[in-house]
Amino acid sequence: MISVESLTFTYSGSDPPVLREVSTEIHEGEFVLVVGRSGCGKSTLCRALNGLVPHFYGGLFSGRVLVDGRDTRKTTPSKFADLIGMVFQDPENQLVMTNVENEMAFGLENLGVPVPEMKERVIRYAEYFDLRRFFQRFIPELSGGEKQKVALGSVLAMKPKYLILDEPTSQLDAENAALFLDFLTKLNKEFGVGIILVEHRLERCLRYADRVILMDEGRIVADGPKNEVVPALRERGLLGTLTRMVNDVTGDGDMVLSAKDIHFSYDHTPVLNGADLVLARGELVAITGANGSGKSTLIKQLNGLLKPQTGNVTLLGKDVSSVTTASLAREIGYLGQNPNDYLFEETLEKELEFTLSNLGVDEKEWNERIEWTLSVLDLARFRKAFPRDLSCGQRERTALATVLVGRPKILVLDEPTRGLDYWNKTKLGSVLENLRRQGMTILLVTHDYRFIAEHATRVLRLEEGRLLEASVDQMIFLASESAATGGV
Amino acid sequence: MLFPYKGTASRIHRLDARPKIAFVLAVFISSILLSDILYLSVLLAFTLIVTAVARTLRSTWSLLRYAAYVAVFVILFNVLLSSGRHVLFMIGPIAVTSESILFSISMCLRLLLAVSAFALLTFAIHPDEALRTMSKVGYKTMTALSLSTRMYPTIAADSRNIMDSMRARGVEFDEGGFLSKVRARANVVMPLLFNSLDRSIAIAEAMETRGFGAGKRTNYSETRLDRRQKWMAAFFVSSIVVGIALFVFGYGNADYLNGAGFAYGFDDVIVLAAYMVMLSPILTGGGE
């Protein structure tokens, strides 16, 4: 049993406690979902369960956490590795070795497991996770879903009693996420491994949990069987009824972008195979498709980050084939998957000035543009803040601000809801809806059916290198179905 | 080049990492100790033969090409700035001497030899095996080195993504003169550094939760060296000792800047041959 007793914790250098008087018990074999808005302390609580807090991070710690009777203050996290396994959000940042077989063995080597037993366990767990066929593959060459499976398999081979997972599906598409979560359930039922899952995408994972812990501002505010906690989830805006925000779409705006018969290959592996796309003014078009189907590759063709091998792209009547991305930046804004790629200046204001200076905008216009951007994105109070100190949702909007300040006519976003909780997603959705109503054309790539159902005017699906029309109604159905089977 | 090591089916690849690392170390130390052109040339030729047997000549060549650019600078720098008494010809006011030419050639050979040794380490030894072997010396340091191999593609992808995001904010990377290109690329450094710091914290956290540093480790692929490979490793380790002894006794050293030339005795031939004999078992590799 893991027992948390009156735990209060403050990170060094920051003022308010992240955890306040938290007390709970988690038993072997339970499947517990820990939820709450960004910054509520759920990740910190998970890190306190195996001693990463306070040993790894430092800070003020009071109360205690006992894991099977062992006090985390007196034992380093590495010594808990045989009891508590942990899988993190980004598979890229938790795999250490170069190939799958060695990765599976890494934790066992650290625990000093005798070699014959280690070999037996590596093979057994690799077979269980269907990883043997990847044994000699170089880890960076695996897909996101495969990497996350390697991370899970490597941790499970250490035979932990409890498994903590911090947003493990945030980078997976719906199908891969469902497979991953099914797998967790199987581990829970078949091996009795206690699962402690932190997730934002409640529509994906609520159905799997026996018990839900809801946190707010460092405290546990609800804790109990799923059905009992659901009303509290609704009340705090973490679970909402699907509301379609778009209702004034005429679809007859002027054409602003057209891509015809786009073909593109990486090292002779075709990714795009005759994709066609037309965007009209005031549309919010969503592109879906499985992990690795080429969605990011497709949108990079539109502003010249990648050049189509055949086919052409016309942006506001101009052929983009012979111009640079930078020269198109005033017309088409692009926000990649990782907002951190956009943030490096000391203040948010300087970040926006960097874009304005590169775009050659007259300095007299800067202040007005910065104020407009910050007000549209509800970031005015962070004008002088260091952007990397902001929360996940705020950073996503900050990165968007660095692009939006150039006032592009078309905005292209790659997975903008990744890692955002429901509240932050709703906020981003209303920002985009507002911009669309002002005449901006928005194209986004996402796995998030719910976001599409609520905000997209049109949906396309990328399959076998071509774009196919999909219906918004189908997205509404998929989003509602996942919510319904979640028992909500 | 996503992952430089390719599991080529060569006899060198089949050889255990331990004798290979000892060999690479011997060659690398030689490149530091030796300065005589004949000694360096023979050792470089031998290392390239080993590379050919390992079927990694093409990859090694791609590294040597970069080293060749550096070599050009080394030659220019030395020819223009080093002194000497035997003037071969004049370039304006600058006297090009035979001393400076020989010294440059020696320096370039040392560079190429060191790069060839590094290439063998990179292309013919699996990085995880290198990690396991060298971890006996300093596990944490070696893990950091292995991680850099593992993370190289990630950091390269980060750098590409940051450049894409900069382009989307109006930064021109390929337009303008040399200075403006350098200035544009300098913008990538800070976000890349921030991202890498974030990653390093995340990886350290993940390693901690997987028991790294918890106590005495075991080794997944600990295999016993057979008698032949043990002898091989012993030969290569001894060749390091012999190499140091030769250096102390003045073999393989030539002070070209102070007028040393190509004066070799029979003892040089014997010493060089003996040294090569000690290294030659590498060619038999791990067998067919």
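Entry 1, ground rules. The expected span of a helix is 1.5 Å times one less than its number of residues. Helices (H or I, at least four residues) and strands (E, at least two) are DSSP runs, numbered from the N terminus. The model is predicted, so I keep in mind that local features need pLDDT of at least 70 and side-chain atom pairs count only at pLDDT 80 or more, while totals for chains, interfaces and linings use all residues. Residues are numbered from 1 along each chain as its sequence is written, and chains are lettered from A and ligands numbered from 1 in the order in which they are written.

Entry 2, helix H7 of chain B. I tried the span rule on helix H7 (residues 178-209) of chain B: its 32 residues should span 46 Å, and the end C-alpha atoms are 47 Å apart, which agrees. Then I looked up its buried residues (buried means 20 or more other C-beta atoms within 10 Å of a residue's own, exposed means 12 or fewer, partly exposed is in between, and C-beta atoms are placed from the backbone). Among them are B:Ala184, B:Val188, B:Pro191 and B:Asn195. Towards the other end I also found B:Met207, B:Glu208 and B:Thr209 on the buried list. After H7(B) comes B:Gly211, with a positive phi near 85°.

Entry 3, helix H4 of chain B. Same check here: the 25 residues of helix H4 (residues 57-81) of chain B should span 36 Å, and 34 Å between the end C-alpha atoms agrees with that. Which residues of H4(B) are buried? I get B:Ser59, B:Thr60 and B:Asn78. Helix H3 (37-53) and helix H5 (98-124) of chain B are included in what covers them.

Entry 4, one leucine. I picked B:Leu112, which lies in helix H5 of chain B. Why does B:Leu112 count as buried? Because it has 22 C-beta neighbours inside 10 Å. Next I listed its contacts (two residues are in contact if their C-beta atoms, placed from the backbone, lie within 7 Å). Leaving aside neighbours within four places in sequence, B:Leu112 touches B:Leu44, B:Leu64 and B:Ala67. B:Leu64 is 48 residues away in sequence, yet the C-alpha atoms of the two leucines are 6.6 Å apart.

Entry 5, chain B as a whole. I count 9 helices and 2 strands in chain B. Read from the N terminus, the order is α-α-α-α-β-β-α-α-α-α-α. The C-alpha trace of chain B spans about 60 × 60 × 30 Å along its principal axes. Of the 288 residues in chain B, 38% are buried. For contacts in chain B with a separation of 6 or more, 77% come from residues 24 or more positions apart.

Entry 6, sheets in chain A. Two strands pair if DSSP finds at least two bridges between them. I found an open sheet of 4 strands, antiparallel, in the order E2-E1-E4-E5 (chain A). Strand E2 (19-26) and strand E5 (70-71) of chain A each have a single partner strand, so one side of each is left without a neighbour in the sheet. Strand E1 (residues 2-11) and strand E4 (residues 59-67) of chain A run antiparallel, joined by 8 bridges. A:Ser3 has A:Leu66 in E4(A) as its bridge partner.

Another open sheet has 6 strands in the order E16-E17-E18-E13-E19-E20 (chain A), with mixed pairing. Its edge strands are E16 and strand E20 (466-470) of chain A. E16(A) pairs with strand E17 (residues 410-414) of chain A in the parallel sense, over 4 bridges. There, A:Ile332 stands opposite A:Ile410.

I also checked a hairpin: strand E9 (residues 211-216) and strand E10 (residues 219-225) of chain A are antiparallel over 6 bridges. A:Asp216 stands opposite A:Arg219. The hairpin has 2 residues between the strands, and A:Glu217 takes a positive phi near 45°.

Entry 7, where the chains touch. How many residues does each chain give to the contact? Chain A gives 58 and chain B gives 47. On the chain A side, H3(A) gives the most, with 7 residues.

Entry 8, cores. A nonpolar core is a set of buried Ala, Val, Leu, Ile, Met, Phe, Trp, Tyr and Cys residues joined through C-beta atoms within 7 Å. The largest has 91 residues, and A:Val34 and A:Ile196 have the most contacts inside it. H3(A) supplies the largest share of this core, 6 residues. A second, separate core of 75 residues includes A:Tyr342 and B:Met166.
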